[in-house]
Amino acid sequence: MNKTVLITGTSSGFGASAANFFAEKGWNVIATMRDTGKASGLSNSENIFVSQLDVEDTASIHSAIDAGIKRFGKIDVLVNNAGYGLFGIFESASREAIQNQFAVNVFGAMDVTRALLPHFRENKSGVIINVSSGAGVTGFPMASIYNASKFALEGWSEGLRYELHSLGIKIRIIEPGGALKTGFMNRVGGESAGFQPIDDYMPFLGKVNQVFEVLQTNADEDAVDKVVKSIYDAAIDESTRLRYAPTSDIQPILKARRGTSEEEFIEFTDNLFISKIS
Ligand code: NAP
């Protein structure tokens, strides 16, 4: 029997590309999105079943899971991909905007996972793949709220891994680099539109924006394909591996974060974001 994956946020970006990739590999795909009118990026494969799921709406989570199991009989893999970035100066962000960031990136993934775990327990197997970010490992200026949400996703995944290991259920974390060519950057501007500018930060912000532009132009041409491939590899990996960092833009930063002392890393990041820009 073909294996089945349920993916959240398949209206665009990694989610849409992953849905098509899994279908090409012969998997059944429950391609979920909050607005099913946005399914045009999905191929016409008969393996793809589109279902409405808003990660902030628990009723829609349960009905998408039930409909997917009814259609394909079983779910083997969950990809918690839905998410967005709230970028800007922390002081400018409203409480509501911050809560919303956590509602989607953290509580959304938790709610979908909790809804699917009884099915995985019954099957004594299952793989949960959480799409985090390099920003889930290290802080970046103007990204502190997004950082907080992805750090939370990573901490939850790491702790949950131990709970699920004894049940035969695996958990994986994917850490793509930044500003890759998906719908992600388009949404960033809209999300931070309500931020009130604070003059004191302006000189720093100008410098940081320059660095982000350079990082964006340095991203791998095939970064989205690499992320999608790593999601697929994580689904079929028999090992106990927890983390995958598929794109070369973030790899040296993650290596420095994990392989050097805190002092050295902070110096490295200060150099990256401040000192080297005139
Ligand atoms: P994207 O093209 O904007 O896709 C994000 C997806 O999440 C869209 O399908 C969006 O649906 C969905 N979504 C947002 N809120 C949702 C909700 N409440 N319920 C259900 N779906 C919701 O961006 P992407 O780059 O593919 O992002 C996918 C994941 O990768 C995110 O978790 C993001 O944080 C992570 N990531 C992205 C990058 C990057 O540079 N692109 C880097 C590192 C990590 P709508 O169309 O309805 O908004």
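**Exercise 1. Determine how helix 3 and helix 4 are oriented to each other in this predicted model.**

Solution. Helix 3 and helix 4 are roughly parallel to each other, and the steps below show how that description is reached. To begin, the angle between helix 3 (residues 95-123) and helix 4 (residues 144-165) is about 20°, and their axes are 8 Å apart. Next, angles under 35 degrees count as roughly parallel, and therefore helix 3 and helix 4 receive that description. The sense of the crossing completes the geometry, for helix 3 passes helix 4 in a right-handed crossing. On the side of helix 3 the contact includes Ile 98, Phe 102, Val 106 and Leu 117, while helix 4 contributes, among others, Tyr 146, Lys 150, Trp 156 and Leu 164. Sorted by class, this contact has 14 nonpolar, four polar and one charged residues.

**Exercise 2. Describe the packing of helix 1 against helix 7, and decide which word suits their orientation.**

Solution. Start with the geometry: helix 1 (residues 13-24) packs against helix 7 (residues 223-236) at an angle of about 55°, with the axes 9 Å apart. Helix 1 and helix 7 are therefore oblique to each other, and helix 1 passes helix 7 in a right-handed crossing. Then turn to the residues, where Phe 14, Ser 17, Ala 18, Phe 21 and Phe 22 of helix 1 meet a group in helix 7 that includes Val 224, Lys 229, Ile 231 and Tyr 232. By class, the contact of helix 1 with helix 7 has ten nonpolar, one polar and one charged residues.

**Exercise 3. Characterise the contact between helix 2 and helix 3.**

Solution. Helix 2 (residues 58-72) packs against helix 3 at an angle of about 35°, with their axes 9 Å apart, and the crossing of the two helices is right-handed. Helix 2 offers Thr 58, Ile 61, His 62, Ile 65 and Ile 69, which meet Asp 111, Val 112, Ala 115, Leu 116 and His 119 of helix 3. Counted by class, the contact of helix 2 with helix 3 has six nonpolar, three polar and one charged residues.

**Exercise 4. Identify the residues that come nearest to the ligand, and then locate polar atoms beside its oxygen atoms.**

Solution. There are 30 residues around the ligand, of which Ser 11, Arg 34, Tyr 146, Leu 180 and Thr 182 come nearest. In the next step, consider individual atoms: a polar side-chain atom of Tyr 146 lies 2.6 Å from an oxygen atom of the ligand. With Leu 180 it is a backbone N or O atom that lies 2.6 Å from a ligand oxygen atom. Finally, an N or O atom in the side chain of Lys 150 is 3.0 Å from an oxygen atom of the ligand. Tyr 146 and Lys 150 also appear among the helix 4 residues that contact helix 3.

Key
Residues are numbered from 1 along each chain as its sequence is written. This is a predicted model: local features need pLDDT of at least 70, side-chain atom pairs count only at pLDDT 80 or more; totals for chains, interfaces and linings use all residues. Side-chain values use heavy atoms; hydrogens and water are left out. Axes are lines fitted to C-alpha atoms, for helices over the stretch in contact, and angles run from 0 to 180 degrees between N-to-C directions. Angles under 35 degrees count as roughly parallel, over 145 as roughly antiparallel, 65 to 115 as roughly perpendicular and the rest as oblique. A crossing is left-handed if the near helix is turned anticlockwise from the far one by less than a right angle, and right-handed if clockwise. Contact means heavy atoms within 4.5 Å. Ala, Val, Leu, Ile, Met, Phe, Trp, Tyr, Cys and Pro count as nonpolar, Asp, Glu, Lys and Arg as charged, and the others, Gly among them, as polar. A residue is near a molecule or strand if one of its heavy atoms lies within 4 Å of it. A polar contact is a pair of N or O atoms within 3.5 Å; within protein, one must be able to donate a hydrogen and the other to accept it, and residues adjacent in sequence count only if both atoms are side-chain atoms.
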